[in-house]
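Open your viewer and get the selection box ready. We'll hop from one selection to the next.

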Amino acid sequence: MSKTHVVIGVAYGAGLIPAVQRGDYSIEQFGLVLLGLAIGSLLPDLDHPQSTISRSIPIVGGLISSLTRHRGILHSILGVILFYLVTAILMIPIVAMTHNIQLSRYAAAGLLLGYVLHIVADMLTKGGVRLFYPLKWNIGIGIFKTGGLLEFGFRVALMVWIVLQVIGLFT
């Protein structure tokens, strides 16, 4: 489902294109949000050793996936809070180096939003997520089967929508 997660993040970012055209955001701010959305949309799956993000960062992914189960704490409200705190701490040296708190805020906002969108997308699957971790309740609507035809169709529809948004830039 990693492709679908990234497409969801990018689709959300594509929805910001009219705001960029109006001048509400600079192209740099938009780029940082979009990059954050794409990366953040993969991060909750650090708890799965075979996920795209765990294979991309094997030491971190291996450590995290050995400490927690898939769709556990990283896919919960508690995980979002912890991710927010870690992101805030990591932004401190970036702000110190760049002297630009605004751009760091846009990157952090994209990361956090991508992270949350990942959890929401997983809630659409039959497996659901343990949203209120450590409680063992799985919250899921059951619309998609991970890797199923309906998920694929949803991803394709979002990709078409992204392309239409980009085409709209040039018309």
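Start by selecting H1 and H8, which are roughly parallel to each other (a label for angles under 35 degrees; over 145 is roughly antiparallel, 65 to 115 roughly perpendicular, and the rest oblique). H1 covers residues 2–14, and its axis comes within 9 Å of the axis of H8, crossing at roughly 30 degrees. H8 itself runs over 149–169.

Before you go on, a word on what you're looking at. This is a predicted model, where local features need pLDDT of at least 70 and side-chain atom pairs count only at pLDDT 80 or more, while totals for chains, interfaces and linings use all residues. Residues are numbered from 1 along each chain as its sequence is written, and side-chain values use heavy atoms, with hydrogens and water left out.

A few terms, too. Helices (H or I, at least four residues) and strands (E, at least two) are DSSP runs, numbered from the N terminus. Axes are lines fitted to C-alpha atoms, for helices over the stretch in contact, and angles run from 0 to 180 degrees between N-to-C directions.

**Stop 1: H1 against H8**

Look along this pair and you'll find a left-handed crossing (the near helix is turned anticlockwise from the far one by less than a right angle; clockwise would be right-handed). Show side chains for Lys 3, Thr 4, Val 7, Ile 8, Val 10, Ala 11 and Ala 14 on H1; they meet Glu 151, Phe 154, Arg 155, Leu 158, Met 159, Trp 161, Ile 162 and Gln 165 on H8 (contact means heavy atoms within 4.5 Å). Sorted by class, that contact has ten nonpolar, two polar and three charged residues. Here Ala, Val, Leu, Ile, Met, Phe, Trp, Tyr, Cys and Pro count as nonpolar, Asp, Glu, Lys and Arg as charged, and the others, Gly among them, as polar.

**Stop 2: H1 against H7**

Keep H1 on screen and swap H8 for H7. These two pack at an angle of about 125 degrees, with their axes 9 Å apart. That makes H1 oblique to H7, and the crossing is right-handed. Select His 5, Ile 8, Gly 9 and Tyr 12 in H1, which meet Leu 113, Leu 117, His 118, Ala 121 and Asp 122 in H7. The class count for this contact is five nonpolar, three polar and one charged.

**Stop 3: H6 against H7**

Now drop H1 and bring in H6 (residues 77–98) beside H7 (residues 101–123); their axes come within 9 Å and cross at roughly 160 degrees. H6 and H7 are therefore roughly antiparallel to each other, with a right-handed crossing. From H6, the residues making the contact include Phe 83, Tyr 84 and Met 91, and from H7 they include Leu 111, Leu 112 and Tyr 115. This contact has 14 nonpolar, four polar and no charged residues.

Zoom in on Ser 104, in helix H7. Is Ser 104 buried or exposed? It is buried, with a relative accessible area of 6% (buried means under 20%, exposed over 50%, partly exposed in between, using a 1.4 Å probe and protein chains only). Leaving aside neighbours within four places in sequence, Ser 104 is in contact with Met 91, Ile 94, Val 95 and Thr 98.

**Stop 4: the loops on either side of H6**

Select His 75, in the loop between H5 (58–67) and H6. His 75 is buried, at a relative accessible area of 0%. Its side chain is joined to that of Asp 47 by a polar contact of 3.1 Å. Such a contact is a pair of N or O atoms within 3.5 Å; within protein, one must be able to donate a hydrogen and the other to accept it, and residues adjacent in sequence count only if both atoms are side-chain atoms. Beyond its neighbours within four places in sequence, His 75 has contacts that include His 118, Ile 119 and Asp 122.

Next, check some backbone. Most residues other than glycine have a negative phi, and most peptide bonds are trans. Arg 71 has a positive phi of about 60 degrees; this residue is in the loop between H5 and H6 and counts as buried at 13% relative accessibility. His 99 also has a positive phi of about 60 degrees, but sits in the loop between H6 and H7 and counts as exposed at 70%.

**Stop 5: the loop after H7**

Finish in the loop between H7 and H8, where you'll find Pro 134. The peptide bond leading from Tyr 133 to Pro 134 is cis, with omega near 15 degrees. Phe 132 is in the loop between H7 and H8 and counts as partly exposed at 37% relative accessibility.
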